[in-house]
Amino acid sequence: MLNIALFGPPGAGKGTQSEFLIKEYNLFYISTGDILRNEIVNETKLGLEAKSIIAAGGLVSDEIIVQIIEKTIVNNPFSNGFLFDGFPRTYIQAYILEGLMIKLNTSLNCLISLEVNEEESVARLLNRGKTSGRMDDNEKVIRNRLKEYYDKTLPVLQFYKDRGILKSVNGSQAIEAVTEDIRNVIREELKNSLYNVVLFGYPGSGRGTQGKALAERFGLEYVATGNMLDDEIKTGSEIGKRVKEIYDSGKLVPDEIIVQLIEKKLEESKDVKGFIFKGFPRTLVQSYILDGLLKKHGSFISQVIEIEVPTLQLISRLDARRQTNDARPYDSNTSKIVQRLQDHQEKTVPVIEKYNEQHGVLKINGEGTFDEVFEKISTEIAKGLESMG
């Protein structure tokens, strides 16, 4: 999970850079003003409390603000991370956020401060005032806002400097240069993060062979539920015996078996750069399980890829595989093959749709030779790894 606080005086360009961070790293944007207004509009308990305070001319307390922030984070458990704008504004709020992050088993990766001197800020805001029509874009109001910002913010910056996570960026540069400097800061933060790829595709799409080769090329750990289950069958374990019976019936292996094996794999894989998951998650329930397992290890899904192959070609490939030593238990006859394809359509396609909404799913045309498809997928994974530094 990537959690960032973005700071900068009025006119520093936080809005522009926030848009970049949200889009580039799929972060959930937390603006205290926005989420407070949302609570008020929806007339929640916290919103009504805040509304009555504001109506009486008071300031909304930190106690209410932190509850709203916590609610927002808890209600978005599958986000890649959060971008905080407007919080923490004070030294006390910095402690509050740190305590909240600890409670939620996460932390703030860094605070990025856009550095712009006072005269530059004044000039930018006065220029904006020529077209914005905003009454507060006049020099007297602007300088008062800047004074308030520096009075309250300097202790906050020192708080995070003492913790070694304050990152300063020259905000007086061109927008593109500021963006690139921020991107470099994030790359440094992500260097020690695991890179986790979920590889989707119908049975016969080539996920297995591609997954193994991709893991080898990029130094990732290959996690294939089918392989792990086969190993259990070969060793004659109690799990293996149960799995063989399930295979013979053409059904899916229950989650309690799969999860035990995956958790064991994650625990035993030390000093790896990341994982490629093939064959898991197959259902919506499993997708929640995987998100939870990765979060437990301080990680998250980095990239989701789907290999697309026409249905008739899938059936042809699976029928051909039935004649080889690579045949899977469900390749034994046409009815089982069709059943597996239907299972994927009914249970796994909704998972892909969920991930498409949350992360975006990269679609790869799986037709063509192995090498052609491999190079297409490799290019995309390389791009993802490059973005992490």
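This is a guided tour of the structure, one selection at a time. The model is predicted.

**Stop 1: the largest cavity**

Start with the enclosed spaces. The structure holds two cavities of 30 Å³ or more. The largest has a volume of about 70 Å³. To see its walls, select Pro203, Arg207, Leu252, Arg282, Arg340, Asp343, His344, Lys347 and Thr348. Now colour helix α15, residues 334-358. This helix gives five residues, the largest share of the lining of the largest cavity. Then colour the lining by class. Five of the lining residues are charged, two are polar and two are nonpolar.

**Stop 2: the second largest cavity**

Next comes a cavity with a volume of about 50 Å³, the second largest. Select Val198, Leu199, Phe200, Gly201, Arg207, Gly279, Phe280, Pro281, Arg282, His344 and Thr348 to show its lining. Two elements give two or more residues each to this lining: β6 (195-201) and α15. Strand β6 supplies the largest share, four residues. Colour by class again. The lining of the second largest cavity has five nonpolar, four polar and two charged residues.

Keep both selections on screen for a moment. Arg207 is one of the residues lining the largest cavity, and Arg207 is also among those lining the second largest. Arg282, His344 and Thr348 are in the lining of the largest cavity, and these three residues are in the lining of the second largest too.

**Stop 3: a cis peptide bond**

Stay with the second lining and zoom in on Phe280 and Pro281, which are both part of it. What kind of peptide bond joins Phe280 and Pro281? The bond is cis, with omega at about 5 degrees. Trace the chain around this point. Pro281 sits in the loop between β8 and α13 (284-296).

**Stop 4: a buried glutamine**

Go back to Arg207 and follow the chain along helix α9, residues 207-218. Select Gln210, which is in this helix. Is Gln210 buried or exposed? Gln210 counts as buried because its relative accessibility is 3%, and the cut-off for buried is under 20%. Now show what surrounds its side chain and backbone. Beyond residues up to four places away in sequence, Gln210 touches Ile307, Phe370, Val373, Phe374 and Ile377.

**Stop 5: a buried cysteine**

Select strand β4, residues 110-115, and pick out Cys110 within it. Cys110 has 0% relative accessibility, so it counts as buried. Which residues are in contact with Cys110, leaving aside neighbours within four places in sequence? They are Asn3, Ile4, Ala5, Ile165, Lys167, Val185 and Glu189. For a sense of scale, draw a line from Cys110 to Asp291. Their C-alpha atoms are 23 Å apart, and 181 residues separate them in sequence.

**Stop 6: two packed helices**

Select helix α4 (residues 62-74) together with helix α5 (residues 91-103). Two packed helices are described by the angle between their axes and by the distance between those axes. Here the angle is about 35 degrees, and the axes of α4 and α5 are 11 Å apart. The crossing of α4 past α5 is right-handed. Show the side chains at the contact. From α4 come Asp62, Val66, Ile69, Glu70 and Ile73, and from α5 come Ile92, Gln93, Ile96, Leu100, Met101 and Lys103. By class, this contact has seven nonpolar, three charged and one polar residue.

**Stop 7: two loops with positive phi**

Select Asn26, in the loop between α1 (14-25) and β2 (28-31). Its phi is near 55 degrees, a positive value in a residue other than glycine. Asn26 is partly exposed, with a relative accessible area of 27%.

Move on to Glu43, in the loop between α2 (32-41) and α3 (45-55). Glu43 is not a glycine, yet its phi is positive, at about 55 degrees. With 53% relative accessibility, Glu43 counts as exposed.

**Stop 8: an exposed loop residue**

End at Asp271. Find it in the loop between α12 (255-268) and β8 (274-278). Asp271 counts as exposed because its relative accessibility is 83%, and exposed means over 50%. Finish with a line from Asp271 to Arg242. Their C-alpha atoms are separated by 32 Å, and the two residues are 29 apart along the chain.

Note on methods
Residues are numbered from 1 along each chain as its sequence is written. This is a predicted model: local features need pLDDT of at least 70, side-chain atom pairs count only at pLDDT 80 or more; totals for chains, interfaces and linings use all residues. Side-chain values use heavy atoms; hydrogens and water are left out. On a 1 Å grid over the protein atoms alone, a cavity is a set of points where a 1.4 Å probe fits but cannot get out, and a pocket is an open set with protein on both sides within 12 Å along at least five of seven lines; lining residues have an atom within 4 Å of a point. Grid points are joined across faces, edges and corners, and a volume is the space filled by probe spheres set on the points. Ala, Val, Leu, Ile, Met, Phe, Trp, Tyr, Cys and Pro count as nonpolar, Asp, Glu, Lys and Arg as charged, and the others, Gly among them, as polar. Buried means under 20% relative accessible area, exposed over 50%, partly exposed in between (1.4 Å probe, protein chains only). Axes are lines fitted to C-alpha atoms, for helices over the stretch in contact, and angles run from 0 to 180 degrees between N-to-C directions. A crossing is left-handed if the near helix is turned anticlockwise from the far one by less than a right angle, and right-handed if clockwise. Contact means heavy atoms within 4.5 Å.
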